[in-house]
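Me: Got a minute to go through this one with me? I'd like to begin with the chain contact and then move inward.

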Number of protein chains: 2
Amino acid sequence: MLPDALLHLIELLARLPGVGEKTAQRFALHLVSEKTGTAQALSESLKQLSERVKSCDRCGNIAEVDEQGRALCVVCRDKRRDPSTLCIVAKVQDLLAIERSGAMRGHYFVLGRLLSPLDGIGPDELPLERLFERLSEDGVREVIVATPPSVDGEATALLLARELTTRGVAVSRIASGVPHGGDLEFADQITLGRAIEGRRTLDSR
Amino acid sequence: MLPDALLHLIELLARLPGVGEKTAQRFALHLVSEKTGTAQALSESLKQLSERVKSCDRCGNIAEVDEQGRALCVVCRDKRRDPSTLCIVAKVQDLLAIERSGAMRGHYFVLGRLLSPLDGIGPDELPLERLFERLSEDGVREVIVATPPSVDGEATALLLARELTTRGVAVSRIASGVPHGGDLEFADQITLGRAIEGRRTLDSR
């Protein structure tokens, strides 16, 4: 019923998180019929995206690419922040949520994924070597583990505690306050602020 | 906190129907971080969209653009369909929903909008001249008004009945079956099929 070019667009839009085929079709038909040039502007913006935005070379946060092709995010460029405190998060959305709470004045490390034995993601799939490099590079004394309070998040936190305490770093876990099984990205600022303030020492023994 | 290029992308994505800023940010971060090239593919697909897909020159349905730059949709190209029966719908999504029900063997006319005095859309804003041309071009004997059963949809149906009965065309309205205030796009196939089968004569006197 629909032209191939439109079906292809629908297929691509359906890859967006939380978007099914019906919603993707709605998006596509909107883009075909609206007159303000959103489709063209979106095409341009997406084309430039990979040239102008990358993961931060240091922490994995979203960062603008500079003239030399390097990417350093606003947190890593901020000289007023304390590099000896490192906050480990699962994904960029969680980093942004913590930044909005204003309770974290240290630096970040984005894991990109969590331990998940059922999906075949073991310790070797986590960027632990890069994390250990960061510890010595920055002289990190305290690590705050801000993985989500889910099964995978807790498992990852325990692994990190075991690996980091042997390296002489104080490891803490964000406090309960974020509801169990919930998503950091959607927690409110006060809850996240309290979770950071009320962190407790993590002991793997 | 986020680079300008990403903020611009978020702004454009938030123009999609039903997408707020939070969802748009989720889409944008997904597009930056995923590795399968969806952003580039989407950019290409959107760029080609306006060259390859247009509104059908005859009925307003979505159509593929041919070598001569003309656009004729699959319904208008189908010789087995009955051009003397014309189904008037508000938007392309509604046409697609009716097609899925399989109950309509005639042709279509997409209005593109409904009467809406509160939004300043009066009879002059509807493509009535083009509709009257279609009636004589195709020798239309029966018109089925399939505007949605909402306030604007009913008002539009009454206007169409008044204009079309004076031109010697039998005008009918899709049957109740589609719940009042509902959206045709999301009605199930059986409901839409029954609505077409159970249509009743519309009399404006």
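Me: How many residues does each chain put into the contact?
Reply: Chain B gives 50 residues and chain A gives 50 residues. Keep in mind that this is a predicted model.

Me: What area is buried between chain B and chain A?
Reply: About 4900 Å². Carbon and sulfur atoms give 70% of that area.

Me: Which three residues supply more of chain B's buried area than any other three?
Reply: Met1(B), Arg26(B) and Leu46(B). Together they supply 14% of the area that chain B buries against chain A.

Me: How many salt bridges cross the interface of chain B and chain A?
Reply: The rule finds two. Glu185(A) pairs with Arg26(B), with the closest N and O atoms 3.0 Å apart. Polar contact across the interface involves nine residue pairs, with both residues at pLDDT 80 or more.

Me: Which elements give two or more residues to chain B's side?
Reply: In chain B they are helix 1 (4-13), helix 2 (21-33), helix 3 (38-52), strand 2 (62-64), helix 4 (74-77) and helix 5 (92-101).

Me: And which one has the largest share?
Reply: Helix 3 of chain B, with 12 residues.

Me: What about residue classes on that side of chain B?
Reply: There are 29 nonpolar, 11 polar and 10 charged residues on the side that touches chain A.

Me: Moving inward. Is strand 4 of chain B enclosed or open?
Reply: Strand 4, residues 106-110 of chain B, is largely enclosed by the rest of the structure, because five of its five residues are buried.

Me: Do strands 3 and 4 of chain B run parallel or antiparallel?
Reply: Parallel. Five bridges join strand 3 (residues 82-89) to strand 4 in chain B. Cys87(B) stands opposite Tyr108(B) of strand 4.

Me: Switch to chain A. How many residues of helix 5 are buried?
Reply: Nine of the 10, residues 92-101 being the helix, so helix 5 of chain A is largely enclosed by the rest of the structure. Among the buried ones are charged residues, Asp94(A) and Glu99(A). Val92(A), Leu95(A), Leu96(A) and Ile98(A) are buried too.

Me: What covers the buried residues there?
Reply: In chain A, the cover includes strand 2 (62-64), helix 4 (74-77), strand 3 (82-89), strand 4 (106-110) and helix 8 (189-197). Helix 2 of chain B is also part of the cover.

Me: What follows helix 5 of chain A?
Reply: Gly102(A), whose phi is positive, near 70°.

Me: Back to charges. How many salt bridges does the structure hold over all chains?
Reply: 26. One of them joins Asp183(A) to Lys91(A), with the closest N and O atoms 3.6 Å apart.

Me: Where do those two sit?
Reply: In distant parts of the chain, 92 residues apart. Asp183(A) is in the loop between strand 6 (170-173) and helix 8 of chain A. Lys91(A) is in the loop between strand 3 and helix 5 of chain A. Asp183(A) is partly exposed at 33% relative accessible area. Lys91(A) is partly exposed as well, at 28%.

Me: Which pair in helix 6 of chain A forms a salt bridge?
Reply: Arg130(A) and Glu133(A), at 3.1 Å, N to O. They lie three residues apart in helix 6 (residues 128-138), about one turn of the helix. Residues three or four places apart in an α-helix point the same way, because there are 3.6 residues a turn. Arg130(A) is partly exposed at 26%, and Glu133(A) is partly exposed at 41%.

Me: Glu154(A) and Arg173(A): what does that salt bridge tie together?
Reply: Glu154(A) is in helix 7 (residues 151-165) and Arg173(A) in strand 6 of chain A, so the pair ties together parts that are 19 residues apart in sequence. The N to O distance is 3.3 Å.

Me: Is Arg173(A) buried or exposed?
Reply: Buried, at 3% relative accessibility. Glu154(A) is partly exposed at 32%.

Me: Which residues are linked in a salt-bridge network?
Reply: Arg26(A), Lys91(B), Asp94(B), Asp183(B) and Glu185(B).

Me: Last one. Where is Arg70(B)?
Reply: In the loop between strand 2 and helix 4 of chain B. Leaving out residues up to four places away in sequence, Arg70(B) touches Asp57(B), Glu64(B) and Val65(B). The side chains of Arg70(B) and Gln68(B) are joined by a polar contact of 3.3 Å.

Note on methods. Residues numbered from 1 in each chain as written. Chains lettered and ligands numbered in written order. Heavy atoms only, no water. Contact = heavy atoms within 4.5 Å. Buried area = accessible area lost by both parts, 1.4 Å probe. Salt bridge = Lys/Arg side-chain N within 4 Å of Asp/Glu carboxyl O. Polar contact = N/O pair within 3.5 Å; in protein donor to acceptor, adjacent residues only side chain to side chain. Helix = DSSP H or I, 4+ residues; strand = E, 2+ residues; numbered from the N terminus. Buried < 20%, exposed > 50% of the residue type's maximum accessible area, 1.4 Å probe, protein only. Pairing = 2+ DSSP bridges.
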